[in-house]
Structures are given as C-alpha cells and as structure tokens.
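The following account leads the reader through one protein structure, from its charged contacts to its aromatic pairs and its surface. Please keep the sequence and the model in view while reading.

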Amino acid sequence: MSAGSSKIAIYGAIGANVAIAISKFVAAFFTGSSAMLSEGIHSLVDSGNGLLILYGVKQSEKPADARHPFGRSKELYFWSLIVAVLVFSVGGGMSFYEGIEHLKHPAPITDPTWNYWVLGLSMLFEGISCFLAFREFNKTRGDAGFWATLGRSKDPSVFAILMEDLAALVGLVIALAGVYFGHALNNPYFDGGASICIGVLLVSVAIFLIYKTKGLLVGEGVDDETLDSLEAIARQQRGVEQVRRPLTMYMGPQDVVLALDVEFHDHLSAVEVERTVDALQDSIRAQYPEFKRIFIEAKGLAGKERGPLASGPVSPQI
C-alpha cells in the first residue's frame, strides 16, 4: 500500500473528528451530559492523534543520510506509540474521570435533543471515516480474516486509524444508550456509567495499539510463512547448498531489512557467486518488494567466508 493511499484515511479521520468534537462540546455545554463531554474529549484526542500519525508518515518518508543510514521509517512507529499513550491517558483517563465525577454529582438531562442530533451526525461522519480506513485496510487483506489481517498489519497509519474509528462508533452507541436511558428513566447514573464504559473502551484500544507498536519499535521481523518462502527462493538458486534461517526486521511498513547466510559449492568462482547473489536478490525483490536492503553472507562448503555481499534500496553493491 502506498503512503498516499494510507493518507486518505488519515485526512478523513482528522476532518471528521474536528467537526464532531466541536459539535459534541457544544451539546455537552447546553445539556450537561457527561457521556457527551467524554465523547467530545474522545473526538478531540482522535483529531490530534491523526495529526501525529500524519506527521510520523511524513517524517518516515525522509531519505537516508549520514546520521540515519537506514532512513527514518521507524518515525511512524514512534509517533504511533505516542498516539497510543494519548488514547490511554487523555482519552480513556479523562472519560473515566468524567464518569466518576458524574456518578458522585449526578445531574439529570433536561432536554436530550441536542445530544440526539449530535450523536446522529457524529455516527454519519465517523461512519464515512471508518469506511475510508476500512477500504485502505482491505487492500492488504486478501482472503484472510479481519483479526488475522489486523494482527499481521505493520502500518499504523491504517490499523491505528481504523481501530480509533471503530472505537469511536462503539463509543457513540454507548453514549446514545446512556443519554436515552438516562432521560427515559430519569436516572442520571446511566449517563455517568456510559462515560466510564467509553473510558474502558478507549483504554482497551490503547493497550492493543501499544502492544502492536512496541513490537515494531523493538525490531519485529516478518512472519514464519515469509521466512520459509525466502529460504525456498534461496535454495532454488544455482550453486546454493545451504541457507540459514533468514534474519529480518521491519524499519517501516514497506521497508524491511533482510540478512541471509548462504553456503555455495566450492567449485563456483567469485564471478559465478556474484551472479548467483544478483539473481537471488532479484528473485526476492520480485516477490517481496518491501525488502529494500538485502545483506548476503556468502560462504563456501569448507566454511571459508567469501565476504558479505550487500545491496541497497536502489542498486546492488557487491
């Protein structure tokens, strides 16, 4: 998936959340609804989170330099972790706090009309934003299920926005239930309870995002299926006798480093080994273009090292 396509979901989320946050705060001011105030905080945090992820995407696109020889792709993972922390602390924490305060000092909702209008419009805008995010998410889904694809996704600009949009829709349903039952039964505790439920929801989403981005920041590699495929590609090359388990690490959603330890037949000349390495790199990139840098340690069967053969993101350097 290109960076440009993933930005569509980010722009959609930012635009929707800014408009929704303003309308929710206005409704909360006139009605005194704790759940509506929590939802306003949620939308405001989501707006800021979208800007942070967008900043991370732009930073990750900067080219490599002397101080960042592997580029700055991991910037996206760093800012995504900050987003997850904000969802946990500001979104979840404030919503939980507002709910507790409303339970301590309950205030009945006199006229829920404002809330119903805002919640209805919010569901419409959040639905559009969620549709855009889900469409980008489906581009890499294939035949896999939703949760399987979410688990293997390495692009926070897609899965973080999607999870926030889904949490927003569920939060709106909870807020709507709290406002409706609180007014219908003349029981303000429903409103405070709804706010607490929204806080628990946001904390749960934040924990998931922290877990995902932590693994990518510390150096997560590709899945076992891809590793098996890389080994098979290497073994198919002429003169290759043995291949050790490949070493990989995600630098970014479409930027993966690959290190291969390959043993060649002793009868191959240096020129033949060089040609085999070139063919191996071409075969890997044809099937997995995300491997921008491939480092190959070539050895003969007797164990004598021929030296590391590496290639960069543009042209191989042997």
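With which residue does arginine 135 form a salt bridge? The partner is glutamate 136, and the closest N and O atoms of the two side chains are 3.7 Å apart. The model is a predicted one, and every value in this account is computed from it. A salt bridge is counted here when a side-chain nitrogen of Lys or Arg lies within 4 Å of a carboxyl oxygen of Asp or Glu, so the contact at 3.7 Å qualifies. The two partners differ in their surroundings: arginine 135 is partly exposed, because its relative accessibility is 37%, whereas glutamate 136 is buried, because its relative accessible area is 0%.

The salt bridge just described belongs to a set of ten in the structure. Another joins glutamate 75 to arginine 72, and here the closest N and O atoms are 2.8 Å apart. Glutamate 75 has a relative accessible area of 18% and therefore counts as buried, since the cut-off for that class is under 20%.

A further salt bridge is found in helix H8, which covers residues 224-235. Glutamate 231 and arginine 235 both belong to this helix and stand four residues apart, or about one turn. Their side chains meet with an N to O distance of 3.2 Å. Glutamate 231 is buried, because its relative accessible area is 13%, while arginine 235, at 42%, is partly exposed. The contact is also part of a wider arrangement, in which salt bridges with shared partners connect Asp224, Asp228, Glu231, Arg235 and Arg245 into one network.

The account now turns to the segments annotated in a record. An unreviewed UniProt entry lists residues 9-30, 76-96, 116-137, 158-181 and 193-211 under "transmembrane region". Two of these spans may be compared with the model. Residues 76-96 are 100% helix and 0% strand, and the C-alpha atoms at the ends of the span lie 29 Å apart. Residues 116-137 are likewise 100% helix and 0% strand, with end C-alpha atoms 30 Å apart.

Cysteines may be considered next. How many disulfides does the structure contain? The count is zero, where a disulfide would require a pair of cysteine sulfur atoms within 2.5 Å. Cysteine 130 is buried, because its relative accessible area is 8%. Cysteine 197 has a relative accessibility of 42% and is therefore partly exposed.

Aromatic contacts are a further theme, for a search of the whole structure finds nine aromatic pairs. One of them brings together tyrosine 55 and tryptophan 79, whose ring centres are 5.2 Å apart. The planes of these rings meet at 85 degrees, so the pair is edge-to-face. Tyrosine 55 lies in helix H2 (residues 34-60) and tryptophan 79 in helix H3 (residues 75-104), so the contact ties together parts that are 24 residues apart in sequence. Tyrosine 55 itself is partly exposed, because its relative accessible area is 39%.

Tyrosine 288 and phenylalanine 291 form another pair, with ring centres 5.9 Å apart and planes at 80 degrees, so this pair is edge-to-face. Both residues count as buried, because tyrosine 288 has a relative accessibility of 13% and phenylalanine 291 one of 0%. Elsewhere, Phe134, Phe137, Phe146 and Trp147 form one aromatic cluster.

The final topic is the surface. Val18, Ile22, Val26, Phe29, Phe30 and Trp114 form a nonpolar patch there, with about 620 Å² of accessible area together. Which helix gives the most residues to the nonpolar patch? Helix H1, covering residues 3-31, does so with five.

Two residues of the patch illustrate the contribution of this helix. Valine 18 is placed in helix H1 and counts as partly exposed, because its relative accessibility is 38%. Phenylalanine 29 also has its place in helix H1, but this residue counts as exposed, because its relative accessibility is 67%, and the cut-off for that class is over 50%. In sequence, phenylalanine 29 and tryptophan 114 are 85 residues apart, yet their C-alpha atoms lie 9.9 Å apart in space. Both are members of the nonpolar patch.

Note on methods: Residues numbered from 1 in each chain as written. Predicted model: local features only at pLDDT ≥ 70, side-chain atom pairs only at ≥ 80, totals over all residues. Heavy atoms only, no water. Patch = residues over 30% accessible without salt bridge, like charges linked within 9 Å, V, L, I, M, F, W, Y side chains within 5 Å. Areas by Shrake-Rupley, 256 points an atom, 1.4 Å probe, with all protein chains shown as cover. Helix = DSSP H or I, 4+ residues; strand = E, 2+ residues; numbered from the N terminus. Buried < 20%, exposed > 50% of the residue type's maximum accessible area, 1.4 Å probe, protein only. UniProt positions renumbered as here; feature names shortened; annotations may be inferred. Phe/Tyr/Trp six-rings, centres within 6.5 Å; stacked < 30°, edge-to-face > 60°.
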